[in-house]
Amino acid sequence: MADAHFEVGDEVEVTSPIHNMRGTTFPAKIVAKSRTKSKFKVEYNRAKARIDRKIGAGHKGGDAALREEVDAVLLRPPPPRESDYRFKLGDVVDAFFCGGWWEGVVVTDVLVDNNTFGVYFRFAKEKFEFEPEELRLHREWVKGSWIPPLQQGDVSDAKEPEIPTKEELIEGTAVEVCTDEDGFQGAWFAANIVKVMEKDKFLVRYKAIKTDDNRELLTEEVDAKHVRPRPPKVVVAGSFSLTEEVDAFYNDGWWEGVIRKVLHGRRYKVYFKGTDDELLLQHSDLRPRQDWIDRTWVMASQV
């Protein structure tokens with residue numbers, strides 16, 4: 001790979017040298033030149049720093065983890081991307097989550113009800129769903145050129161999708177909704193905002209919960225304090241740890257729980273404090289728990 005000519009202030013992408021993050025690049029900015037010509041000091045966004053601490057990449061906690069010196073051979077310019085590309089089955093793509101672009105393959109076409117694509121990650125051996133704006137065609141930077149080359153048509157810069165804040169919760173936004181009802185404490189249910197109401201309220205339509213007659217999806221008015229954006233996706237290539245806080249998908253929602261026992265075959269016993277229940281669940285039923293604090297997603301293990 002031929003080195004591009006980089007200067008302080010340039011926006012770049014850094015290829016991860018970590019084995020279980022192979023094929024992953026993280027947006028960064030060059031903030032200084034190193035004493036050695038073969039390295040640069042770069043600054044990542046905070047999501048990258050959090051995932052480094054999560055996988056134990058050798059960084060220390062705090063803002064110091066946002067900067068590091070990297071070899072120039074790991075740097076590349078941000079790739080261009082088609083502005084109106086229609087993804088299809090078999091496309092090799094990069095999916096954006098955890099502050100970086102992760103290589104995968106489109107294995108299910110867009111779903112009419114939620115406008116998402118299924119992307120399979122070989123390193124995790126799992127499939128996750130992404131919206132079109134979270135995907136781009138995978139490209140390699142080889143001898144100063146992008147392979148495959150950019151297709152004909154309009155071009156847009158490959159910028160990081162932004163995590164919506166409270167002020168950006170508008171009609172059509174994908175969200176999760178909780179409730180104070182007995183038996184449902186600690187559960188979050190996927191929904192879409194139908195209308196922004198007055199006095200910090202939203203009209204939402206759930207994606208899986210139906211009306212009592214089971215004829216249509218439930219639509220109801222909820223307080224803003226019970227609504228949060230959909231959390232960013234996090235892939236766990238290994239196993240969850242004992243006492244780790246997780247969300248478990250059960251009864252059409254994500255329930256906050258704790259790993260009580262790690263079993264063979266990537267199975268776990270998970271305890272739910274809100275209902276005082278314990279369930280046996282598969283790895284694919286779980287996700288790392290994240291909390292929406294001050295309009296920022298924070299891993300529960302860091303709270």
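The legends below describe a set of close-up views of one predicted model.

In this predicted model, local features need pLDDT of at least 70 and side-chain atom pairs count only at pLDDT 80 or more, while totals for chains, interfaces and linings use all residues. Residues are numbered from 1 along each chain as its sequence is written, and side-chain values use heavy atoms, with hydrogens and water left out.

**View 1. The whole protein, with one helix and 26 strands.**
Helices (H or I, at least four residues) and strands (E, at least two) are DSSP runs, numbered from the N terminus. Of the 303 residues in the protein, 40% are buried, where buried means under 20% relative accessible area, exposed means over 50%, and partly exposed lies in between (1.4 Å probe, protein chains only). The accessible surface comes to about 17100 Å², and 49% of this surface belongs to carbon and sulfur atoms; the areas come from the Shrake-Rupley method with a 1.4 Å probe, and for residues only the protein chains shown count as cover. Among contacts (heavy atoms within 4.5 Å) between residues at least 6 apart in sequence, 50% join residues at least 24 apart.

**View 2. The salt bridge between glutamate 11 and lysine 29.**
Side chains of opposite charge can pair when their charged atoms come close. A salt bridge is here a side-chain nitrogen of Lys or Arg within 4 Å of a carboxyl oxygen of Asp or Glu, and the structure holds 17 salt bridges. In the pair shown, the closest N and O atoms of glutamate 11 and lysine 29 are 3.8 Å apart. Glutamate 11 lies in strand β1 (residues 11-15) and lysine 29 in strand β2 (residues 24-33), so the pair ties together parts that are 18 residues apart in sequence. Glutamate 11 is partly exposed at 47% relative accessibility, and lysine 29 is partly exposed at 36%.

**View 3. The salt bridge between arginine 67 and glutamate 43.**
The N to O distance between these two side chains is 2.9 Å. Distant parts of the chain are linked by this pair, with arginine 67 in strand β4 (residues 67-71) and glutamate 43 in strand β3 (residues 39-44), 24 residues apart. Arginine 67 has a relative accessible area of 43% and is partly exposed, and glutamate 43 counts as partly exposed at 31% relative accessibility.

**View 4. The salt bridge between glutamate 131 and arginine 230.**
The side chains of glutamate 131 and arginine 230 meet with an N to O distance of 3.7 Å. Glutamate 131 sits in the loop between β10 (126-130) and β11 (135-137), and arginine 230 in the loop between β19 (227-229) and β20 (245-250), so that the pair links distant parts of the chain, 99 residues apart. Glutamate 131 counts as buried at 17% relative accessibility, whereas arginine 230 counts as partly exposed at 25%.

**View 5. A network of salt bridges that links Glu13, Arg76, Asp94 and Arg136.**
The four residues Glu13, Arg76, Asp94 and Arg136 are joined through their salt bridges into a network.

**View 6. The negative surface patch formed by Asp180, Glu181, Asp182 and Glu220.**
Patches are made of residues with over 30% relative accessible area and no salt bridge, like charges being joined within 9 Å and nonpolar side chains (Val, Leu, Ile, Met, Phe, Trp, Tyr) within 5 Å. Lys and Arg count as positive and Asp and Glu as negative, while His and the chain ends are not counted; the place of a charge is taken as NZ of Lys, CZ of Arg, CG of Asp or CD of Glu. Within the patch, glutamate 220 belongs to strand β18 (residues 217-223) and is partly exposed, with a relative accessible area of 30%.

**View 7. The surroundings of methionine 299 in strand β26 (residues 296-299).**
Methionine 299 is buried, with a relative accessible area of 7%. Leaving aside neighbours within four places in sequence, methionine 299 is in contact with Val234, Pro288, Arg289 and Gln290. The C-alpha atoms of methionine 299 and proline 288, which are 11 residues apart along the chain, are separated by 7.4 Å.

**View 8. Backbone geometry at proline 148, asparagine 251 and arginine 266.**
Most residues other than glycine have a negative phi, and most peptide bonds are trans. The peptide bond from isoleucine 147 to proline 148 is cis, with omega near -5 degrees, and proline 148 is found in the loop between β13 (145-147) and β14 (155-157). Asparagine 251, in the loop between β20 and β21 (253-263), has a positive phi near 50 degrees. Arginine 266, in the loop between β21 and β22 (267-272), has a positive phi of about 55 degrees although it is not a glycine, and counts as partly exposed at 28% relative accessibility.
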